[in-house]
Amino acid sequence: MDPASPIAQRPPTRPPSSDSSQPAVTPSSSSTTSSSPPSPAMASPRWAALSRDTNETSIQMALNLDGTSSFPPETDARVHALIETESKGHAAQTSKSQTIILQTGIGFLDHMLHALSKHAGWSLVITCKGDLHIDDHHTAEDVCIALGYAFHEALGSAAGIARFGSAYAPLDEALSRAVVDISNRPYAVIELGLKREKIGDLSCEMIPHCMQSFAQGARITLHVDCLRGFNDHHRAESAFKALAVAMRIATSKVAGKEGEIPSTKGTLSA
Ligand SMILES: [Mn+2]
């Protein structure tokens with residue numbers, strides 16, 4: 001998937017935000033039919049829905065950065081169908097405060113995105129039918145770029161958020177560190193030091209590439225290092241957990257800073 005390509009089936013974009021930080025090409029949101037900018041007292045839902053079909057992958061997704069069971073009105077019927085099915089059955093990933101259903105077709109990718117969404121506090125539903133008869137590449141890459149687009153759209157303006165976030169997360173002997181800047185400057189340095197060929201059906205070379213693809217789509221600056229650890233499953237999972245916590249911190253709303261852009265330039269759009 002070309003990171004610069006527009007996403008198909010997007011409804012009109014949200015009203016211009018006060019800091020003009022929305023790029024021209026972005027998955028659109030959603031959130032409100034009002035034409036006035038959101039006030040702190042009536043903040044727009046930080047959510048996005050995305051649907052994308054190509055010859056390589058068909059992805060439908062809904063994201064709410066603040067958890068809950070609420071998703072945008074334009075959420076794809078296939079996402080709703082999945083939620084309906086899971087709510088009647090084995091909704092093991094869904095809790096009182098978060099709805100998380102991940103069916104990318106790659107089990108270990110589902111596991112990593114589950115860790116990311118759970119510890120970031122997101123509600124996230126993804127269904128993907130990809131060309132897994134070829135390999136895992138298109139599916140893993142496209143899902144993560146699309147998740148980045150959805151994140152960028154769901155966040156909307158960076159006004160009032162912390163902007164920077166960093167976290168360490170261990171998993172037994174493994175320890176990872178993630179540092180994020182909601183910068184509108186896509187850049188990623190990911191060093192996980194994985195040594196296996198694959199974990200489950202996900203190639204280890206795709207794991208840092210997934211994070212890089214997410215950062216590209218989300219337009220964030222991201223540094224993730226696995227600092228130690230013997231077991232590659234542990235190394236990868238600790239990295240996604242560290243990313244999750246760093247994202248939660250960076251996107252948290254700062255009391256008293258409502259409506260303020262956290263930048264010395266006064267904008268994060270340039
Ligand atoms: Mn695990």
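Helix H3 has 19 residues, which at 1.5 Å a residue should span 27 Å, and its end C-alpha atoms are indeed 27 Å apart, so expectation and model agree. This is a predicted model, and in it H3 is mostly covered, with 17 of its 19 residues buried. Right after H3 comes Gly156, whose phi is positive, near 65 degrees. From here, let's walk through confidence, the two sheets, helix H2 and a buried loop residue.

**Confidence**

- The average pLDDT of the protein is 87, and 83% of the residues score at least 70.
- Residues 2-41 call for some care, as the pLDDT over this stretch is below 50. Beyond near neighbours in sequence, the stretch still has 74 contacts in the model.
- Confidence is highest in strand E6 (residues 174-181), at a mean of 99, and lowest in helix H1 (residues 77-88), at 90.

**The sheet E1-E2-E4-E3**

- Four strands form an open sheet in the order E1-E2-E4-E3, and their pairing is mixed.
- Strand E1 (47-53) and E3 are the edge strands; each has a single partner strand, so one side of each is left without a neighbour in the sheet.
- From one strand to the next, the twist averages 5 degrees.
- E1 and E2 run antiparallel and are joined by seven bridges. Within this pairing, Leu50 has Met61 in E2 as its bridge partner.
- Strand E2 (residues 57-64) also pairs with E4, again in the antiparallel sense, over eight bridges. Here Ile59 is matched with Cys128 of E4.
- E3 and E4 run parallel, with four bridges between them. Gln103 stands opposite Thr127 in E4.
- E4 itself is mostly covered: seven of its eight residues are buried.
- Helix H1 lies across E2, E3 and E4, and runs at about 110 degrees to E4.
- H2 packs on this sheet too, touching E3 and E4, and its direction makes about 160 degrees with that of E3.

**Helix H2 and its surroundings**

- H2 covers residues 107-120, and its 14 residues reach 20 Å from the first C-alpha to the last, close to the 20 Å expected at 1.5 Å a residue.
- Its buried residues are Phe108, Leu109, Asp110, Met112, Leu113, Ala115, Leu116, Ser117 and Ala120.
- The cover over these buried residues comes from several elements, including strands E3 (100-103) and E4 (123-130) and helices H3 (137-155) and H5 (232-250). Strands E8 (198-199) and E9 (202-203) are also among them.
- Just after H2, Gly121 takes a positive phi of about 85 degrees.
- One point that deserves a second look on screen is the handedness: E3, H2 and E4 make a left-handed β-α-β unit.

**Thr104, in the loop before H2**

- Thr104 sits in the loop between E3 and H2.
- Is Thr104 buried or exposed? It counts as buried, because it has 26 C-beta neighbours inside 10 Å, where 20 or more are needed.
- Leaving aside residues up to four places away in sequence, Thr104 touches Leu109, Asp110, Ile126, Cys128, Thr139 and Val143.
- Two of these contacts, Leu109 and Asp110, are also listed among the buried residues of H2.
- Thr104 and Gly130 are 26 residues apart along the chain, and their C-alpha atoms are separated by 7.8 Å.

**The sheet E5-E6-E10-E7**

- Another open sheet is built from four strands in the order E5-E6-E10-E7, with mixed pairing.
- Its edges are strand E5 (164-171) and strand E7 (187-191); each of them has a single partner strand, so one side of each is left without a neighbour in the sheet.
- The twist in this sheet averages 10 degrees from one strand to the next.
- E5 and E6 pair in the antiparallel sense over eight bridges, and Leu171 stands opposite Ala174 in E6.
- Helix H4 (residues 206-218) lies across E7 and strand E10 (221-228), running at about 165 degrees to E7.
- Helix H5 lies across E5, E6 and E10, and runs at about 150 degrees to E5. H5 also takes part in covering the buried residues of H2.

Notes:
Residues are numbered from 1 along each chain as its sequence is written. This is a predicted model: local features need pLDDT of at least 70, side-chain atom pairs count only at pLDDT 80 or more; totals for chains, interfaces and linings use all residues. Helices (H or I, at least four residues) and strands (E, at least two) are DSSP runs, numbered from the N terminus. The expected span of a helix is 1.5 Å times one less than its number of residues. A residue is buried if 20 or more other C-beta atoms lie within 10 Å of its own, exposed if 12 or fewer, and partly exposed in between; C-beta atoms are placed from the backbone. Two residues are in contact if their C-beta atoms, placed from the backbone, lie within 7 Å. Two strands pair if DSSP finds at least two bridges between them. A crossover is right-handed if, with the strands pointing away from the viewer, the path from the first strand over the helix to the second runs clockwise. pLDDT is the predictor's confidence in each residue, from 0 to 100. Axes are lines fitted to C-alpha atoms, for helices over the stretch in contact, and angles run from 0 to 180 degrees between N-to-C directions.
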